[in-house]
Amino acid sequence: MPVILGSESYDLWLNEDCRSADLKDLLVPFTADAMTSHAVSYDVNNTKTDDERLLRPVEPNIGVTLSLF
Amino acid sequence: MCGRFTLKTPERIRFDRITEYDVENLVPRYNIAPSQDILTILQRGEQREATFLQWGLIPSWSKEAKGIINACVETIDQKPSFSDSFQRRRCLIPADGFYEWERHGKISQPYYFQMKDESPFAFAGIWDRWQSNGSAITSCAIITTTANDC
């Protein structure tokens with residue numbers, strides 16, 4: 001899953017003098033409680049499709065709920 | 001893995017101390033994909049700037065212009081492709097949602113993830129500059145976590 005940084009971490013992440021040990025502490029999974037997810041159309045597979053209809057919820061074909069974290 | 005994301009409300013993104021930054025020129029994006037030029041925030045000395053980089057990091061020493069879209073946290077400071085960028089060239093990648101695919105047999109169902117309030121956020125990223133025969137590509141990767149991706 002992508003690493004999402006909280007805004008309080010931006011300065012440290014962009015600081016050119018910051019060292020590895022401090023940086024890795026920032027790279028943790030984001031709090032799942034703050035996020036939501038829903039199944040979407042297969043149309044997203046085509047990179048040429050780029051419009052808001054891609055975000056519409058659909059019934060997932062596999063009958064399970066995806067757990068991100 | 002993170003292979004697609006959105007920036008549907010670019011007018012809502014906020015970053016401090018950025019120069020030459022004009023969100024009015026950004027169009028809403030619902031399917032940002034690898035190899036495209038994506039918005040990033042980087043630090044150059046005292047300045048913080050918004051710039052577009054090609055998604056798919058090509059290490060400066062690479063013989064071919066082949067990009068890697070994700071850098072795994074667990075190995076980022078060990079892999080030659082990423083360790084130098086991780087130490088010296090980090091960036092923020094503004095987004096407000098991303099897609100993940102859940103594979104079940106032959107079916108791979110896409111899901112869209114976003115904040116409950118749909119607010120924008122930033123991925124942790126790294127970047128590098130590759131040059132060969134007079135052409136140059138500045139590119140980036142999104143950092144991912146969990147052992148499954150490594």
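How many residues does the contact take from chain B and from chain A? In this predicted model, chain B contributes 38 residues and chain A contributes 33 residues. On chain B, the side that touches chain A draws at least two residues from each of β3 (29-32), α1 (80-88), β7 (90-95), β8 (97-104), β9 (107-115), β10 and β11 (135-144). Strand β9(B) gives the most to this side, with eight residues. Sorted by class, the side of chain B that touches chain A holds 19 nonpolar, nine polar and 10 charged residues.

Strand pairing also links the two chains. Strand β1 of chain A (residues 4-5) pairs with β10(B) in the antiparallel sense, over two bridges. Here Ile4(A) stands opposite Phe123(B). A further link is found in an open sheet of five strands, whose order is β2(A)-β9(B)-β8(B)-β1(B)-β3(B), with antiparallel pairing. The edges are taken by β2 (35-39) of chain A and β3 of chain B; each has a single partner strand, so one side of each is left without a neighbour in the sheet. From one strand to the next, the twist averages 25 degrees. At the β3(B) edge, the pairing with β1 of chain B (residues 4-7) is antiparallel and runs over two bridges, and Leu7(B) has Arg29(B) as its bridge partner.

Turning to the interior, the largest nonpolar core has 47 residues, and those with the most contacts inside it are Ile93(B), Ile126(B), Cys140(B) and Ile143(B). Strand β10 (residues 121-132) of chain B gives the most to this core, with seven residues. It is worth a closer look at Cys140(B): beyond its neighbours within four places in sequence, Cys140(B) is in contact with Thr40(B), Leu53(B), Trp55(B), Leu57(B), Cys91(B), Ile93(B), Gly125(B), Ile126(B) and Trp127(B). As a general point, nonpolar side chains tend to be buried together in soluble globular proteins.

Helix α1(B) has a buried side and an exposed one. Its buried residues are Phe82(B), Ser85(B) and Phe86(B). Because they cover an arc of only 105 degrees around the axis, these residues lie on the same side of α1(B). In an α-helix there are 3.6 residues a turn, so residues three or four places apart point the same way. The buried residues of α1(B) pack against β6 (70-72), β7 and β10 of chain B, while Pro80(B) and Arg88(B) are exposed on the other side of the helix.

Conventions: Residues numbered from 1 in each chain as written. Chains lettered and ligands numbered in written order. Predicted model: local features only at pLDDT ≥ 70, side-chain atom pairs only at ≥ 80, totals over all residues. Core = buried A, V, L, I, M, F, W, Y, C linked by C-beta atoms within 7 Å. Buried ≥ 20, exposed ≤ 12 C-beta atoms within 10 Å, placed from the backbone. Helix = DSSP H or I, 4+ residues; strand = E, 2+ residues; numbered from the N terminus. Contact = placed C-beta atoms within 7 Å. Nonpolar A, V, L, I, M, F, W, Y, C, P; charged D, E, K, R; others polar. Pairing = 2+ DSSP bridges. Arc of directions from axis to C-beta. Axes fitted to C-alpha atoms, helices over the stretch in contact; angles between N-to-C directions.
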